Amino acid sequence: MLTSPFTFEKPTTIADAIEAVGDSGESMFYSGGTELLLAMKMRVIHTERLVDIKGIPGLDRIVLTDANEIEIGSRCTHKRIAADPVIREHAPALSTLCDNVANVRVRSVGTIGGNLCFGEPHADPPTMLAALNARLVLQGQTGVRFVHADEFIRSELETVREPDELLTMIVFPRPTGPVTYRRFKHGERPSVNVAMAWSMEATSSTIKTARVRVGALGSRPQPLKAVEDALKGRSIADVRPAIEAVLAEALDELDINDDRHGGADYKRHLAGVLLLRNAEEAMTRGKRSR
Amino acid sequence: MTHMLPISFSLNGQTVSMEVAAHTLLIDLVRGRLGLKGTKRSCDMEVCGACTMLLDGDPISSCTTLAVDVDQREVTTIEGVTPPDGLSRVQKAFVLHGGLQCGFCTPGFIMAVTALLKANPHPTDDEIRHYLHGNLCRCTGYVKIFEAVKSLAIEHVSEDAA
Ligand SMILES: Cc1cc2nc3c(=O)[nH]c(=O)nc-3n(C[C@H](O)[C@H](O)[C@H](O)COP(=O)(O)OP(=O)(O)OC[C@H]3O[C@@H](n4cnc5c(N)ncnc54)[C@H](O)[C@@H]3O)c2cc1C
Ligand code: FES
Ligand code: FES
């Protein structure tokens, strides 16, 4: 089905793109188009003008910086991230995640930036990026600001990004311990997913801090605070009992929608299963990396 | 008002230059104005793969790609991978192994498999399944398609025989 007509522009600088979108509310950034065109074809989104950001150089870089942080340009496709040597070495779970998003065609053109900015609750990257403690770099007419991945999604299909703010980059500290991710899905998109990132003490098999996020259940990824606290300062050998002691209570605090992906109780149960499987994997990987 | 834009791209190796409306979809341009009907549209939502074309060698859903996006790039359709005097080795394998019945999904599968073997001439069973997971077939049950691809994956051919 055709979308209704719009005009099209392809600026070559960030500044021109931001200005072209402006604040009239009639223009939208256009990246891979894998979400946007679908929504326009279904008449869920209407816009007067698309501002294509594919002509802006430099938005698809992936680098490990001197500050020991990993920067991923917003225009990186899932395919690009899955194959990138820096990501494969320092955050292999993210590379596997991107290699399993959608299908090969969506991965060829769909970007990490488009995935985040669409704000779809049933998505993989937001959960992982929140566990990695990522910051999102937004550039608008008034300057640049950083937003924590945890705070980026406001509600279903809505983010804190202003219409004329371009997401330029995603930045997160290079992981210093095992990062694990699991999802369960029976349709195109994840029904529930769990990401966990441990930072380890340099000289022992002790967990310094743990970040655990459960996604796809409400509008945005949610932390499992009680599990994080239970893992803090814990030796790898004690992980399982530590989690089991607080798991039921932690899962009870999740805000879970009943939707076509399943009832709330069912998905709460799945979250626990995925979390424990992540923990098993993290324990073997944490030990191996010593 | 319709916003018309000039585009110039390679379609199966031939340069095409024309004006298109900004909201024209690639599949409509190719099947409609350019008259190449081999590519099929089914789901219209990037799920089934019937509309698969290659853009600079990568598979894409032409049902959800703007024609203006192919400006200065290379598009390959099923017509472009079919030799004038017969069938490609991928097409022959599908025939030989019974990898099609109604044939509606077949152009998309042929495009995806062609791209897969170009990137990875000897994929493992898991790699084949992973790559083709986004192409749907309602007739064959996939086993015969898988066998067709498998037969190609274990074959040793010179670079230019593809
Ligand atoms: C069939 C199918 C299956 C899918 N399965 C999964 C899945 O399993 N898991 C999953 O996580 N996702 C899944 N997705 C979603 C997929 O990841 C996204 O479609 C893709 O990443 C979006 O990127 P894009 O570049 O195409 O975005 P676009 O469609 O171009 O843009 C999406 C939105 O973001 C805005 N935007 C894009 N880039 C920027 C930017 N840099 N700055 C500001 N705003 C921007 C646009 O204005 C638009 O509102 C699936 C999608 C499809 C179609
Ligand atoms: S018609 Fe394009 S993917 Fe199904
Ligand atoms: S052969 Fe009929 S859909 Fe595949």
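In this predicted model, strand β6 of chain A is joined to strand β10 (residues 166-173) of chain A by 5 bridges, with the two running antiparallel. One of the residues to follow here is A:Gln139, whose bridge partner in β10(A) is A:Leu166. Strand β6 (residues 135-140) also pairs with strand β7 (residues 143-148) of chain A, again antiparallel, this time through 6 bridges. On that side, A:Gln139 has A:Val144 as its bridge partner. So much for the ladders; as for the turn, the step from β6(A) to β7(A) is a hairpin that passes through 2 residues.

Elsewhere in chain A there is an open sheet of 4 strands, ordered β11-β12-β13-β14 and paired in antiparallel fashion. The edges are taken by β11 (179-184) and β14 (222-223) of chain A; each has a single partner strand, so one side of each goes without a neighbour in the sheet. Between β12 (residues 192-200) and β13 (residues 207-215) of chain A, 8 bridges hold an antiparallel pairing. Within that pairing, A:Ser199 finds its bridge partner in A:Thr209 of β13(A). As a reminder for anyone scanning the side chains, those of a regular strand alternate between the two faces of the sheet.

Turning to the nonpolar packing, the largest core counts 37 residues, and the members that touch the most others are A:Ile72, A:Ile81, A:Leu94, A:Met128, A:Leu129 and A:Phe172. Two domains of chain A, domain 2 (62-173) and domain 3 (179-289), each supply at least three residues to this core. What does A:Leu94 touch, leaving aside its neighbours within four places in sequence? The contacts of A:Leu94 are A:Ile72, A:Ile81, A:Ile87, A:Met128 and A:Phe172. There is also a second core, separate from that one, with 32 residues; A:Ala250, A:Ala264, A:Leu274 and A:Ala282 are among them.

Next come the aromatic rings. A pair of them is described by the distance of the centres and the angle of the planes. Over all chains, the count is 2 aromatic pairs. In one of these, A:Phe8 and A:Tyr30 have ring centres 5.9 Å apart and planes at 70°, so the pair is edge-to-face. Since A:Phe8 belongs to strand β1 (residues 7-9) of chain A and A:Tyr30 to strand β2 (residues 27-30) of chain A, the pair ties together parts that are 22 residues apart in sequence. Both A:Phe8 and A:Tyr30 are buried.

B:Phe94 and B:Phe109 also make an aromatic pair, a tilted one, at 6.4 Å centre to centre and 50° between the planes. Here the link is between helices: B:Phe94 sits in α3 (residues 89-96) of chain B and B:Phe109 in α4 (residues 106-119) of chain B, 15 residues apart. Buried or exposed? B:Phe94 has 1% relative accessibility, so B:Phe94 counts as buried, and B:Phe109, also at 1% relative accessibility, counts as buried.

Those two helices come up again in the packing of helix α6 (residues 143-153) of chain B, where the buried residues are B:Ile145, B:Phe146, B:Ala148, B:Val149, B:Ser151, B:Leu152 and B:Ala153. The buried residues of α6(B) pack against α3, α4 and α5 (125-132) of chain B. One of the buried residues, B:Phe146, has B:Arg129 lying over the face of its ring, 4.5 Å from the ring centre.

A few loop residues round things off. B:Thr64 is found in the loop between β4 (58-61) and β5 (74-76) of chain B. Its relative accessibility is 3%, so B:Thr64 counts as buried. Which residues does B:Thr64 contact, leaving aside its neighbours within four places in sequence? From chain A these are A:Gly33, A:Leu37, A:Leu38 and A:Lys41, and from chain B they are B:Asp44, B:Met45 and B:Glu46.

The loop between β4 and β5 of chain B also holds B:Gln72. B:Gln72 is not a glycine, yet its phi is positive, at about 65°. With a relative accessible area of 62%, B:Gln72 is exposed. A positive phi, near 60°, also turns up at A:Leu157, again a residue other than glycine. A:Leu157 lies in the loop between β8 (153-155) and β9 (158-159) of chain A. At 48% relative accessibility, A:Leu157 counts as partly exposed.

Notes. Residues numbered from 1 in each chain as written. Chains lettered and ligands numbered in written order. Predicted model: local features only at pLDDT ≥ 70, side-chain atom pairs only at ≥ 80, totals over all residues. Heavy atoms only, no water. Core = buried A, V, L, I, M, F, W, Y, C linked by side-chain atoms within 4.5 Å. Buried < 20%, exposed > 50% of the residue type's maximum accessible area, 1.4 Å probe, protein only. Domains from an automatic or database assignment. Contact = heavy atoms within 4.5 Å. Pairing = 2+ DSSP bridges. Phe/Tyr/Trp six-rings, centres within 6.5 Å; stacked < 30°, edge-to-face > 60°. Lys NZ or Arg CZ within 6 Å of the ring centre and 35° of its normal.
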